[in-house]
Amino acid sequence: MESSYLVWIAVATVAALALLFLSGRVFPGWRDWLRGRRKIEMSLDAGVRHLLDGYLGEFARRGGWDDGSTEKLRAAGEEVLMSLAGQDADVSGLRRLRVSVRQEKGAAVMEFLAAPQGTNFERQIRLLEQHAVPAEEELSLRLLKHYASSVRHRHYHLNDLVTVRVERSP
């Protein structure tokens, strides 16, 4: 009698794990949620600064960041947004921005992907990984270097991928 309960528990556990695995395949956003990654998409212009600010503030609040670290994170995010939006002056509104942020060993790692509207962000990331060249000299990094511990900018056609690491205050 006891062994039948153990069999049912094992079957239920395997079924639950299979369901989690399949939901990660069918709904890729769940994978990001389970890993602690969150992302936001918006048009690439300076007018969405308040959306990014709120998004990063919420990330810092959930992570238990202090006020100084939160301000540093928000300032770095704003600097990247303004730099990318400044590059878009001639093609305003033609690109979208996806920002994802994750906690990594006492720091926040932000990824900013600017791509033409109507394109698949995952496809654009694969293109950038295959063809992109470092383009750090093109991005205004004056203030960003003050807030971030590392900055990596890759560019391919109208696609930009900027990865910024901001250390949390001890």
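1. A residue is called buried here when its relative accessible area is under 20%. By that criterion, 36% of the 170 residues of the protein chain are buried. The model is a predicted one, and the values in this note are to be read accordingly.

2. Regarding the exterior, the protein chain has an accessible surface of about 10300 Å². Carbon and sulfur atoms account for 58% of that surface.

3. The protein chain contains six helices and six strands. Their order along the sequence is α-α-β-α-α-β-β-α-β-α-β-β, a pattern that opens with two helices and ends with two strands.

4. As to contacts within the protein chain, the relevant set is that between residues at least 6 apart in sequence. Of these contacts, 60% join residues at least 24 apart.

5. How many cavities of 30 Å³ or more does a search of the whole structure find? The search returns one. The space in the largest cavity amounts to about 30 Å³.

6. The lining of the largest cavity consists of Arg98, Ser100, Glu111, Leu113, Ile125 and Leu161. Two strands each contribute at least two residues to this lining, namely strand S2 (95-104) and strand S3 (107-116).

7. Which classes of residue make up the lining of the largest cavity? Three of the lining residues are nonpolar, one is polar and two are charged. The charged residues are Arg98 and Glu111, the polar residue is Ser100, and the nonpolar residues are Leu113, Ile125 and Leu161.

Methods:
Residues are numbered from 1 along each chain as its sequence is written. This is a predicted model: local features need pLDDT of at least 70, side-chain atom pairs count only at pLDDT 80 or more; totals for chains, interfaces and linings use all residues. Side-chain values use heavy atoms; hydrogens and water are left out. On a 1 Å grid over the protein atoms alone, a cavity is a set of points where a 1.4 Å probe fits but cannot get out, and a pocket is an open set with protein on both sides within 12 Å along at least five of seven lines; lining residues have an atom within 4 Å of a point. Grid points are joined across faces, edges and corners, and a volume is the space filled by probe spheres set on the points. Helices (H or I, at least four residues) and strands (E, at least two) are DSSP runs, numbered from the N terminus. Buried means under 20% relative accessible area, exposed over 50%, partly exposed in between (1.4 Å probe, protein chains only). Contact means heavy atoms within 4.5 Å. Accessible areas come from the Shrake-Rupley method with a 1.4 Å probe; for residues, only the protein chains shown count as cover.
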